[in-house]
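Q: I'm new to this structure and would like a close look at a single part of it. Could you walk me through the strand pairing there, and then show me how the domains meet?

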Amino acid sequence: MLSPIQVLCSDITTLSLEPEPFASYTEADIISTVEFNHTGELLATGDKGGRVVIFQREPESKNEPFSQGEYNVYSTFQSHEPEFDYLKSLEIEEKINKIRWLPQQNAAHFLLSTNDKTIKLWKVSERDKRPEGYNLKDEEGRIKDVSTVTSLQVPVLKPMDLMVEVSPRRVFANAHTYHINSISVNSDYETYMSADDLRINLWHLDITDRSFNIVDIKPANMEDLTEVITAAEFHPHHCNLFVYSSSKGTLRLCDMREAALCDKHSKLFEEPEDPSARSFFSEIISSVSDVKFSHSGRYLLTRDYLTAKVWDLNMESKPLETYQVHDYLRSKLCSLYENDCIFDKFECAWNGSDR
């Protein structure tokens, strides 16, 4: 079985499993986000060039009945293009920040993809039959002269080579002043939220021209700004609950039943800082870059620069467990700060059994 890195690199433009000179890769080929669909059959990757590549898991082979099969390219499409905001004289990158699959309701698959400013809903469908035997069209699709039609026939569906079609269904734009860092689909399957540095918006999947602001932490005077939103996610079962993390290392659980604007949180998860361990880098490395609910909805998993932490929703004072991920980097924080690697963002995920 291929490792996750090999799977991702198996066929994305110039990326391959064969060793190649690093110079042959362009900036646009670098993967920026990865997301499995709910069954694990499909894997979507977004890159800095604005492309989305979808991989499909091959069925188990008879020779190796217990192997999971490899992931091969299923479809590739250009999700976002570079844009220019003339009002602010600002370039908007095409880089894909996040991809989220919607639960499958029919034969087609739907996914949301976003760059810094614009979220798009895509439909991914298969076609393996085509209609033939039209009465008013010829085989190339041109309209026939009605006077030449002397008999009627019943059109039939004939098999054809499998074709994967990807089509844009909705474009959700112009709702974020700052860069979008998160999108999360609600358990009602009708709404989703998008978060930027200072605000979180709630969208309906069928309405593109307006959204509702549910969190706004922008101060009246920007000089008073002390923290920014880094990630946000809906509870997997309760459509009224969501959590967002901040650059200060805190988590806020909010209930949309309490107020339309969730400026006041229901719960605050924060680990008290050890004064003896404080350093110049403490604030940077304590920033939470990702937060995920467990499938059961009971626990939260967070990721900061050096650790992954598991929180119980019923205990706000400290995490249940803390895993040291990059502990060996503690002595190298100074050089990591100098080359900006200390600002890298890491994601986290639960496995299917929450273990």
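A: Let's start with strand 12, residues 191–195, and strand 13, residues 199–204: in this predicted model the two run antiparallel to each other and are joined by 5 bridges. Together, strand 12 and strand 13 make a hairpin, with 3 residues between them. If you want a spot to look for on screen, find Ala 195, whose bridge partner in strand 13 is Ile 200.

Now move on to the next neighbour. Strand 13 also pairs with strand 14, residues 212–216, again in the antiparallel sense, this time over 4 bridges. Here the residue to pick out is Arg 199, which stands opposite Asp 216 in strand 14. Those two residues do something else as well: Arg 199 forms a salt bridge with Asp 216, and their closest N and O atoms are 3.2 Å apart. That pair ties together distant parts of the chain, with Arg 199 in strand 13 and Asp 216 in strand 14, 17 residues apart. Side chains of opposite charge can pair when their charged atoms come close. Counted by the same rule, the model has 19 salt bridges.

Let's zoom out to the domains. The domain assignment splits the protein into domain 1, covering 27–168, and domain 2, covering 175–354, so named in that assignment. Taken over C-alpha atoms, the centres of domain 1 and domain 2 are 31 Å apart. Where they meet, 16 residues of domain 1 touch 16 residues of domain 2. The size of an interface is often given as the accessible area lost when the parts come together. For domain 1 and domain 2 that comes to about 1500 Å², with 60% of it on carbon and sulfur atoms. On the domain 1 side, Lys 98, Lys 117 and Ile 119 supply 35% of the area buried against domain 2, more than any other three residues.

What holds your eye at this interface? There is 1 salt bridge across it by the rule, and there are 5 residue pairs in polar contact. Strand 7 (98–101) and strand 8 (109–114) each supply at least two residues of the domain 1 side that touches domain 2. Strand 7 gives the largest share of that side, with 3 residues. Sorted by class, the same side of domain 1 has 5 nonpolar, 6 polar and 5 charged residues.

One more pair is worth finding on screen: Glu 347 forms a salt bridge with Lys 98, with the closest N and O atoms 3.4 Å apart.

Notes:
Residues are numbered from 1 along each chain as its sequence is written. This is a predicted model: local features need pLDDT of at least 70, side-chain atom pairs count only at pLDDT 80 or more; totals for chains, interfaces and linings use all residues. Side-chain values use heavy atoms; hydrogens and water are left out. Two strands pair if DSSP finds at least two bridges between them. Domain bounds come from an automatic or database domain assignment. Contact means heavy atoms within 4.5 Å. Buried area is the accessible area (1.4 Å probe) that two parts lose on being put together, summed over both. A salt bridge is a side-chain nitrogen of Lys or Arg within 4 Å of a carboxyl oxygen of Asp or Glu. A polar contact is a pair of N or O atoms within 3.5 Å; within protein, one must be able to donate a hydrogen and the other to accept it, and residues adjacent in sequence count only if both atoms are side-chain atoms. Ala, Val, Leu, Ile, Met, Phe, Trp, Tyr, Cys and Pro count as nonpolar, Asp, Glu, Lys and Arg as charged, and the others, Gly among them, as polar.
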